[in-house]
Amino acid sequence: MTIAIASGKGGTGKTTVSVNLARVAPGPTQLLDCDVEEPNDHLFFRGTPHLLETVSLPVPEIDPDLCNGCGACTRFCAYNAIVGLENTPLVFADLCHGCGGCVRVCPTGAIREVERPIGVVETVDAGDLSLVFGRLHIGVPSAPPVIRRVRAYRRADALVLIDAPPGVTCPVIAAARDADFLLLVAEPTPFGINDLGLAIALARELELPFGVVVNRMGIGDDAIRGFCRGHGIPILLEIPEDRRIARVCSKGQLVVEELPEYRGMFLELLERLRKYAGRSGVQWTFS
């Protein structure tokens, strides 16, 4: 069973939901932090990160002695990563998506691929909970290759929770696609409802069953309840506006451990997730 936790924008409490849900889940649980541009799930769990792998992307390197300047590589590249000049084409590695097409279309064999490190994948073990997270190198613009490597460590024998990047762009799609359920975290404000609408559109485009967690309930009004009710979207949990939660999170602590009254709420959320996933035909049991 794979549950992706996402939000239409940053700062809604997506990570708070992810780490606390992971902590209360019984049995083998795996938390994948796919917010590789700014991973922070590991800050909430004691343990030393261990390197699993360095993620690299194959980018073209052109031999000027073999290149005849035909421009085949330039015409092929949809991302403008190769620009044709009078002599040897110029490669912009930051724009390259590593598809390898330029190597195939080069008639003289002047292009070879070299590995360019773009990030790392690390892990922290915390008892039954296994955390895997990616870290994109500073200045690298493309997160999906690192996200895909984090997802490659998914375990078949565990409940898998994916902390997706914020927003509704390519990194979110790379993190959440083919999940069994998408849990959307939103705030009860006009901006929160607008961004929730964008996230819902993404969930429907990906054809994923989904539900909503409303965080900081009480800072706005009941409009988000009416919005979800009007669109037939289940609200699986409402977390009240509580300054104690902000204080606990700012210290890198878990809400379910420091504020025990919230433990039952997250256990109830797990049970509701199982119920709604079952309606979608997903078999999920935990003990």
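Long-range contacts dominate the tally in this predicted model: among contacts with a separation of 6 or more, 72% link residues 24 or more positions apart. The chain has 287 residues, and 50% of them count as buried. Its secondary structure adds up to ten helices and eleven strands, and the C-alpha trace spans about 70 × 40 × 35 Å along the principal axes.

Lys-14 makes a good first stop. This lysine sits in helix α1, which covers residues 14–24. With a relative accessible area of just 6%, Lys-14 falls under the 20% cut-off and therefore counts as buried. Its side chain has a polar partner in Asp-163, whose side chain lies 2.7 Å away in a polar contact. Setting aside neighbours within four places in sequence, Lys-14 also touches Ile-5, Ala-6 and Ser-7, then Asp-35, and further along the chain Ala-164, Pro-165, Pro-166 and Val-185, in addition to Asp-163 itself.

Next comes a helix pair. Helix α6 (residues 190–205) and helix α7 (residues 223–230) have axes that come within 11 Å and cross at roughly 25°. That angle is under 35 degrees, so α6 runs roughly parallel to α7. The crossing of α6 past α7 is right-handed. On the α6 side, the contact is made by Ile-193, Leu-196, Gly-197 and Ile-200, and these meet Ala-223, Ile-224, Phe-227 and Cys-228 of α7. By residue class, the contact comes out as seven nonpolar and one polar, with no charged residues; the polar one is Gly-197, because Gly is counted as polar here.

Definitions and conventions: Residues are numbered from 1 along each chain as its sequence is written. This is a predicted model: local features need pLDDT of at least 70, side-chain atom pairs count only at pLDDT 80 or more; totals for chains, interfaces and linings use all residues. Side-chain values use heavy atoms; hydrogens and water are left out. Helices (H or I, at least four residues) and strands (E, at least two) are DSSP runs, numbered from the N terminus. Buried means under 20% relative accessible area, exposed over 50%, partly exposed in between (1.4 Å probe, protein chains only). A polar contact is a pair of N or O atoms within 3.5 Å; within protein, one must be able to donate a hydrogen and the other to accept it, and residues adjacent in sequence count only if both atoms are side-chain atoms. Contact means heavy atoms within 4.5 Å. Axes are lines fitted to C-alpha atoms, for helices over the stretch in contact, and angles run from 0 to 180 degrees between N-to-C directions. Angles under 35 degrees count as roughly parallel, over 145 as roughly antiparallel, 65 to 115 as roughly perpendicular and the rest as oblique. A crossing is left-handed if the near helix is turned anticlockwise from the far one by less than a right angle, and right-handed if clockwise.
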